[in-house]
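Visitor: I have a model open on my screen and would like to understand the terms people use for it. Could you walk me through them?

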Amino acid sequence: MKCSPNNPILLSSSLRVDQAREAIAGLVNELLTESPLDSELVALNDALNRVLSEDLLSPIDVPSADNSAMDGYAFDGVCLKGGSGKTQLKIAGIAYAGKPFVGEIAKGECIQIMTGALMPSACDTVIPQELVSISDHEIVFDPSLLKSGDNRRLKGEDLQKNKPAIIAGRILRPADLGLAASLGIASLKVKRKLRVAILSSGDELTPLGKTLQEGGIYDSNRYSLTGMLKRLNLDVIDCGIVRDDPDSLKAAFCAAAVKADVLISSGGVSVGEADFTKHVLQELGDVGFWKIAMRPGRPMAFGTLKPVPEKTPAHKTLFFGLPGNPVAVMVTFYQFVRSALLQLNGAKDTTPLLTQAIAENAIRKKAGRTEFQRAILSRDPEGKPSVRLTGSQGAGILRSMSEANCFVILAHDQENIAAGDWVDVALFEGLL
């Protein structure tokens with residue numbers, strides 16, 4: 001579904017979760033086409049969780065030469081062909097990793113060889129040391145235990161020179177840094193970090209350290225958002241709490257647009273008299289605003305803020321207006337914002353990890369919306385994965401997120417779940 005400005009379908013309908021994701025991905029692609037994110041060169045130790053901006057080509061073959069895959073004895077595999085009984089070879093020397101064997105290997109001879117040691121040109125096969133008998137500097141073994149070429153790592157078998165070792169768009173993991181180091185590469189070209197501004201709106205919100213007034217609540221959403229954004233290794237700009245009036249919101253949105261690639265607000269996206277986010281967004285930019293057929297997190301604003309003159313280079317700021325309820329903020333972030341931020345940051349694979357588990361208890365569910373229930377994944381006495389809800393699933397019960405380690409995802413058309421049924425599960429760590 002194309003997320004064109006003020007699309008009446010998006011503005012009036014309760015979209016399915018998959019339709020909302022499609023609309024967001026479409027708009028992010030448009031932004032990337034209009035204004036691709038810059039790249040920068042960073043030291044290898046600073047590249048963890050950054051997005052690789054161009055294919056990393058291997059400057060060498062890996063392995064750089066044929067070598068032994070294990071400790072054993074290297075020889076010419078031709079001696080295995082047509083033989084009967086035992087094979088007997090004289091030990092002509094030894095090869096270590098980093099200290100190759102030098103000398104000639106005659107017919108009927110072998111060398112002792114260690115894992116990773118270079119294979120002499122006269123040898124193409126290695127027999128593991130535990131399969132041989134040794135007597136008077138000779139080895140004896142059953143030739144039927146292996147075939148010519150066994151236990152040899154070939155030059156370029158892992159990576160070939162000038163071929164991609166890591167593909168652009170990868171979120172770099174510890175193993176990727178080790179791989180780059182093994183190729184002698186000390187720095188990597190990555191996408192610059194997205195700058196994400198966050199704010200909370202609402203007259204009832206109280207900063208930490210201040211005394212709660214009657215009807216007031218402490219603002220928790222900015223802290224949850226900051227934590228989730230830092231887990232994605234993005235730069236966070238905290239714009240604080242904004243009061244419930246259009247002028248204050250407009251000023252805050254404009255100030256954030258000067259600094260940030262993305263603005264995320266929480267609160268003010270419902271249909272109450274003091275919910276102004278949608279109207280301010282319509283004034284300052286383009287809005288795709290919808291009610292999503294999901295629980296929790298039904299109301300959500302999404303769109304772009306127009307470029308501001310002070311911004312160099314001028315480009316649109318992606319905007320997410322999340323609900324005010326703490327759990328709904330985290331659920332909508334995980335289900336929509338996270339993937340969009342990674343996509344905008346150049347990542348190719350933004351799909352969260354899913355698995356399945358057995359529901360320990362029955363779960364009530366009506367068809368017609370997707371539900372994200374907070375739950376705890378563990379194993380039953382038989383070792384099978386099982387999942388139980390954290391208790392009350394109200395959108396304001398932040399404890400349900402703190403105790404949980406996963407979401408139970410109940411699909412749009414799914415109905416009541418019986419105890420013992422298999423359900424889809426998304427691990428929190430997989431999302432992050």
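Visitor: Which residues have the most contacts inside the largest nonpolar core?

Guide: Keep in mind that this model is predicted. Ile24, Ile264, Leu318, Phe320, Phe333 and Leu341 have the most contacts inside that core, which holds 47 residues. Helix α7 (residues 326-344) gives the largest share, 12 residues.

Visitor: How do you know where this core lies relative to domain 1 and domain 4?

Guide: Look at who contributes. Domain 1 (8-38 + 193-345) and domain 4 (354-427) both supply residues, so the core lies between them.

Visitor: What is Phe320 in contact with, leaving aside its neighbours within four places in sequence?

Guide: Contact asks for heavy atoms within 4.5 Å. By that test the partners of Phe320 include Ile24, Val262, Ile264, Met300, Phe302 and Val337. Another core, of 21 residues, lies apart from the largest one, and Leu199, Val242, Leu249 and Ala256 are among its members.

Visitor: Now the sheet. What makes β8 and β9 edge strands?

Guide: The six strands run in the order β8-β5-β7-β6-β10-β9, with mixed pairing, in an open sheet. β8 (125-128) and β9 (133-135) each have a single partner strand, so one side of each has no neighbour in the sheet.

Visitor: Why are β9 and β10 called paired?

Guide: Pairing takes at least two bridges between two strands. β9 and β10 (residues 138-141) have three bridges, in the antiparallel sense, so they pass that test. One bridge joins Ser135 to Glu138 in β10.

Terms used: Residues numbered from 1 in each chain as written. Predicted model: local features only at pLDDT ≥ 70, side-chain atom pairs only at ≥ 80, totals over all residues. Heavy atoms only, no water. Core = buried A, V, L, I, M, F, W, Y, C linked by side-chain atoms within 4.5 Å. Buried < 20%, exposed > 50% of the residue type's maximum accessible area, 1.4 Å probe, protein only. Helix = DSSP H or I, 4+ residues; strand = E, 2+ residues; numbered from the N terminus. Domains from an automatic or database assignment.
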